[in-house]
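Trainee: Could you take me through this model one feature at a time, giving the general idea and then the case at hand?

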Amino acid sequence: MNPILDVVVRSLCVYLFMVVAIRLFGKNQLSQLNAGDVVLLLLISNAVQNAMVGQDTSLQGGLIAALVLFAANFILKRLMFSNRSFETFMEENPVILVKDGKIDEKALNTVKITKDELEEAIREHGVERIEDVRLSILEVDGNISVVSEDNQTKQTHYSRIKRKNKRKYQ
């Protein structure tokens with residue numbers, strides 16, 4: 001096989017594997033990385049490097065692999081933008097965690113967020129009590145959005161924060 005074509009095919013295979021793996025293992029975990037996640041990403045990148053370029057350790061081989069990864073990512077984003085069913089497959093829907101001051105316990109359990117983590121996120125928005133939250137949503141990118149109403153000025157405040165990844169794996 002042509003060495004350039006070999007790098008292209010290998011890079012595409014690794015890219016597709018990583019996209020599927022992130023989808024299966026939950027990309028919401030990638031929104032805020034802890035030390036273990038960073039180590040995992042570094043080890044994965046090192047592990048798949050040789051799988052992408054094979055014996056070609058030249059500058060040309062590395063640049064071709066990088067170009068293929070950029071192109072594959074560009075195509076994936078375009079597919080998600082133009083095809084709603086593909087986007088739905090790749091992205092999870094936002095999840096309402098709190099509505100009108102009431103916690104949705106079932107939703108918290110589904111997305112594996114503890115009540116303590118939710119309360120911490122709400123406090124980081126400057127809201128003291130869950131009862132003061134009009135709406136709190138776990139967004140598709142792993143951020144928690146909070147909409148609250150200031151009782152004194154009757155103004156609505158919107159803000160988003162990154163959710164801290166403190167999940168315990170069972």
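Mentor: Let us begin with a charged pair, bearing in mind that this is a predicted model. Glu-87 makes a salt bridge with Arg-84, and their closest N and O atoms are 3.1 Å apart.

Trainee: Where do Glu-87 and Arg-84 lie, and how many residues apart are they?

Mentor: The general idea is that an α-helix has 3.6 residues a turn, so residues three or four places apart point the same way. Here both Glu-87 and Arg-84 lie in helix 4, which covers residues 84-90, and they are three residues apart, about one turn of the helix.

Trainee: Is Arg-84 buried or exposed, and which class does Glu-87 fall into?

Mentor: The relative accessible area decides this, with exposed meaning over 50%, buried under 20%, and partly exposed in between. Arg-84 has a relative accessible area of 55% and is therefore exposed, whereas Glu-87, with 28%, is partly exposed.

Trainee: How many salt bridges are there in the model?

Mentor: The rule asks for a side-chain nitrogen of Lys or Arg within 4 Å of a carboxyl oxygen of Asp or Glu, and by it the count comes to three salt bridges. One of them joins Asp-6 to Arg-10, with the closest N and O atoms 3.1 Å apart; these two residues are four apart in helix 1, so about one helical turn separates them. Asp-6 is partly exposed, with a relative accessible area of 25%, and Arg-10 also counts as partly exposed, at 31%. Another salt bridge brings together the side chains of Arg-129 and Asp-132, again at 3.1 Å from N to O.

Trainee: What else can be said of Arg-129?

Mentor: Arg-129 has a relative accessibility of 44% and so counts as partly exposed. Its C-alpha atom is 8.0 Å from that of Glu-119, a residue ten places away in sequence. Glu-119 belongs to helix 6 and, at 23% relative accessibility, counts as partly exposed, while Glu-117, Leu-118, Glu-120, Ala-121 and Ile-122 of that helix are buried. After helix 6 comes Gly-126, which has a positive phi, near 85°.

Trainee: Which residues have the most contacts inside the largest nonpolar core?

Mentor: A nonpolar core is read by joining buried nonpolar residues through side-chain atoms within 4.5 Å. The largest one has 15 residues, and those with the most contacts inside it are Leu-97, Val-98, Ile-113, Leu-118, Ile-122 and Ile-144. At least two residues of this core come from each of strand 1 (95-99), helix 5 (105-111), helix 6 (115-124), strand 3 (133-138) and strand 4 (143-149). A second, separate core has nine residues, among them Val-7, Val-48, Met-52 and Val-68.

Trainee: Which residues does Leu-118 touch?

Mentor: Leaving aside residues up to four places away in sequence, Leu-118 touches Leu-97, Val-98, Ile-103, Leu-108, Ile-113 and Ser-136.

Trainee: What length should helix 3 span, and which of its residues are buried?

Mentor: The expected span is 1.5 Å times one less than the number of residues. For the 24 residues of helix 3 (residues 59-82) this gives 34 Å, and because the end C-alpha atoms are 35 Å apart, the two values agree. The buried residues of helix 3 are Gly-61, Ile-64, Ala-65, Val-68, Ala-72, Leu-76 and Met-80.

Trainee: Which residues make a nonpolar patch on the surface?

Mentor: Met-1, Leu-5 and Val-9 make a nonpolar surface patch of about 310 Å². Val-9 is placed in helix 1, which covers residues 3-25, and its relative accessibility of 36% is why it counts as partly exposed.

Trainee: How many helices and strands are there, and what pattern does the chain follow?

Mentor: The chain has six helices and five strands, and along the sequence they follow the pattern α-α-α-α-β-β-α-α-β-β-β. Of its 170 residues, 33% count as buried, and the chain exposes about 11500 Å², of which carbon and sulfur atoms supply 60%. Among contacts between residues at least 6 apart in sequence, 56% join residues at least 24 apart. For a pair separated along the chain, take Val-20 and Met-90, which are 70 residues apart while their C-alpha atoms are separated by 8.8 Å. Val-20 lies in helix 1 and, at 46% relative accessibility, counts as partly exposed.

Definitions and conventions:
Residues numbered from 1 in each chain as written. Predicted model: local features only at pLDDT ≥ 70, side-chain atom pairs only at ≥ 80, totals over all residues. Heavy atoms only, no water. Patch = residues over 30% accessible without salt bridge, like charges linked within 9 Å, V, L, I, M, F, W, Y side chains within 5 Å. Areas by Shrake-Rupley, 256 points an atom, 1.4 Å probe, with all protein chains shown as cover. Buried < 20%, exposed > 50% of the residue type's maximum accessible area, 1.4 Å probe, protein only. Contact = heavy atoms within 4.5 Å.
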